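Student: Could you take me on a close look at the surroundings of the ligand, and then work outwards from there? I would like one connected account rather than a list.

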Amino acid sequence: MSKIRYEAIQESYNREKIADRHEGRRSEFFGSHVFNESRMRQFLTKEAFESVKGAMNSGNKIDRKMADQVAEGMKSWAISMGATHYTHWFQPLTGATAEKHDAFFDMDYDGRALEKFGGGQLVQQEPDASSFPSGGIRNTFEARGYTAWDPTSPAFLYGDTLCIPTIFVAYTGEALDNKAPLLRALSAVDEAATAVAKYFDKNVSKVTATLGWEQEYFLVDKALANSRPDLLLTGRTLVGHLAAKGQQLDDHYFGVIPKRALEFMKSLELECMKLGIPVKTRHNEVAPNQFELAPVFEEANLAVDHNLLLMDVMDKVADRHNFKVLFHEKPFAGINGSGKHNNWSLATDTGTNLLSPGTTPMKNLQFLTFFVNTIKAVDSYEELLRSSIASASNDHRLGANEAPPAILSIFIGTQLSAVLDELEGVSQGKLSPEEKTELKLNVVGKIPDVLLDNTDRNRTSPFAFTGNKFEMRGVGSKSSCAKPMTILNMIMAKQLRLFKKEVDSLIKKKKLKKDEAIFNVLREYIKSSKRIRFDGDGYSDEWEKEAERRKLSNNKTTPAALEVLTRKETLDLFDEIGVMSETEVRARHEVELETYIFQIQIEGRVFTELVYNNIIPSAVEYQNKLIRNVTGLKEIYGAAHKKVSEGQLEIIEKIGEHIAELKKHTDAMTDARRRANTMEDIHKKADAYCNTVRGYFDDIRYHSDRLERIIEDKSWSLAKYRELLFTR
Ligand code: ADP
Ligand code: MG
């Protein structure tokens, strides 16, 4: 057997169990590594504390004097915890996080050692940003980028480094990251939702978007994962025949968590607790060695940061437990892939979840208002929302026959559908006292009861209402939640602004009462957004046809899904809500396309390597063995050898055929790749990678997987699915 596969299997069998233990209750050390409110009170002057609070709650500026004080307090805390370095922690357009560590330590002018970290270093830094993707922003403007503190996300201690969450912007003001646009969208939705929430409660002065993500992932033994060049370089297996056993027995889902995985989870949760990531649930997922982790929901910006941090922590903890975490959306063909459901809602500073029905008719009308406006927003901008979850790796789920489809639709269940149907019949203009009573008692009033038994879940829906929140299910397991959260909150801000305007106009011009005006506007929204509602099977062919009739988009590939970003109405919307300028949107589109090209390009290269360096040599090795056998038989049996070597000869031939096909498709793919690489226009290049280069992958895989089936186990050099998926 190939040495590397053999040794990896040996190593995986001989793992020693690693178990981290921690004394004390979790609640006691939750957030122990976070510069949170209670630490701020302890380490900051009252003035500085108030200043940070003002920045957190109202976006006030922190002046330089205060910044110096905050930096001093933060540094004292961090050093008391053993920190030696600090970094601005930011989210470049690569989708991951970046950091550049600086020591607190500095030299005085006469050579004495100092511990230096002042307001200047806290508030702003200039990382050497030239190698982060900018979609041409920096070239166009010859501007450098800087990182600036985001006080709404607390600093934390990670290892021996104080991490300060920051945005990353060009000196000309353009955002070079995913956080700045998110913060702008969150601020817009705050403003728009607060104005609408005031119809129902005058005391509301702030609305926060909430996000509770669910992270799915695979755990594979480190040695085995590292033995596969494709897993190492692309995060997924490009070839691999399905193990005899897959997920057909449904024996993994919610089953007993394998011991080694459980120890990993315990260590991980410990780290998360220290970092203030409120992880709550852990369980097995559908596929073998697939798991899920979910926290308690938080304010969206913080939740996005926590998810990004979590993925990094997972990598590190897994390494210690001799695992590799696979975040890729489709690491293995033939079994389920991974996603990252984004549970989303809006909450007021008076403690109300705006997507949760309440105890009074007014509260329920409030619920309906936000509920219907969300449906309307998604209906109006379904294609834009789809674009926010597009990536080469997520195409394997959204564009293929796996959960959820590339068509955006909303599931609300039969009972709520019935409520909306009733509301469609609300009279135009003023309502009679009888109609109002009827609405209050029998339609709006019944909502809480309706929701109590609204348990029918539709797992195929990409955007489902689940009782007190919407769940966006198409987000990729690997990607940052920042992009979908930016778009969702932006379109919600736009929709709520429109709603407010229409309601106010009915009140003023038609002299309607507030609730009458609201019912009137909602009725029209319900009517005009019907096409986005779908409670049936989202995977069926019928739905695809039906969605086409409804004129819903069905963009199966990333380049197609991103196209909406170039349209004028999209650019106008980003501009109107103040989320991104045209330059910023176009830059992102370019970066996304570039990333897409690189990913398919890398996969193509790895395919060539695998075929020539692993698969064909394995096949030839076994073929030679058979040839020696047949030659031997011929020596013994002479002309009669055919009878005893028939099977072998057939296999020899089959191997030859598959090798020829493999070579043919791989060479054609390489040619297509070369041609694509000469293209100047990035859109054409992305299309070439998408429609031509990628088109060869399935054929290459097919012949490789056929070979894997007929070649003796010992000769096959790549770790097999059964080893990757069932090593525990
Ligand atoms: P499940 O969907 O598995 O039945 P839950 O309904 O309890 O579980 O919640 C799933 C996820 O939804 C959790 O990650 C939770 O944090 C999140 N969630 C719950 N309420 C909200 C909310 N108001 N806003 C955002 N996320 C929420
Ligand atoms: Mg879920």
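Tutor: Happily; what follows starts at the ligand, moves on to two helix pairs and ends with the domains. Please keep in mind throughout that this is a predicted model.

Let us begin with the shell around ligand 1. It is made up of 14 residues, and T210, G212, F297, N343 and S345 come nearest. Where do these shell residues come from? Two strands, β9 (207-221) and β14 (340-348), each supply at least two of them. The largest share is that of β9, with 4 residues. As for chemical character, the shell around ligand 1 divides into 7 polar, 5 nonpolar and 2 charged residues.

From the ligand we can turn to helix packing, starting with α8 (residues 179-197) and α12 (residues 300-320). Their axes come within 10 Å and cross at roughly 155°. Angles over 145 degrees count as roughly antiparallel, and α8 and α12 are therefore roughly antiparallel to each other. On the α8 side, the contact is made by L182, L183 and L186, while α12 brings in A300, N301 and V304. By class, the contact of α8 with α12 has 5 nonpolar residues and 1 polar residue, with no charged ones.

A second pair to look at is α19 (residues 482-509) with α20 (residues 514-528). Here the packing angle is about 130°, and the axes are 9 Å apart. The helices α19 and α20 are therefore oblique to each other, and their crossing is right-handed. What makes the contact between them? From α19 come F499, E502, V503, L506 and I507, and from α20 come K514, A517, I518, N520 and V521. Sorted by class, the contact of α19 with α20 has 7 nonpolar, 1 polar and 2 charged residues.

Finally, let us step back to the whole chain. It is divided into domain 1 (31-175), domain 2 (187-239 + 246-580) and domain 3 (594-726). Between the C-alpha centres of domain 1 and domain 2 there are 31 Å. Their contact takes 14 residues from domain 1 and 13 residues from domain 2. Which classes of residue does domain 1 present there? The side of domain 1 that touches domain 2 has 10 polar and 4 nonpolar residues, and no charged residues.

Notes. Residues numbered from 1 in each chain as written. Chains lettered and ligands numbered in written order. Predicted model: local features only at pLDDT ≥ 70, side-chain atom pairs only at ≥ 80, totals over all residues. Near = placed C-beta within 6 Å. Nonpolar A, V, L, I, M, F, W, Y, C, P; charged D, E, K, R; others polar. Domains from an automatic or database assignment. Contact = placed C-beta atoms within 7 Å. Axes fitted to C-alpha atoms, helices over the stretch in contact; angles between N-to-C directions. Parallel < 35°, antiparallel > 145°, perpendicular 65-115°, else oblique. Left-handed = near helix turned anticlockwise from the far one by under 90°.
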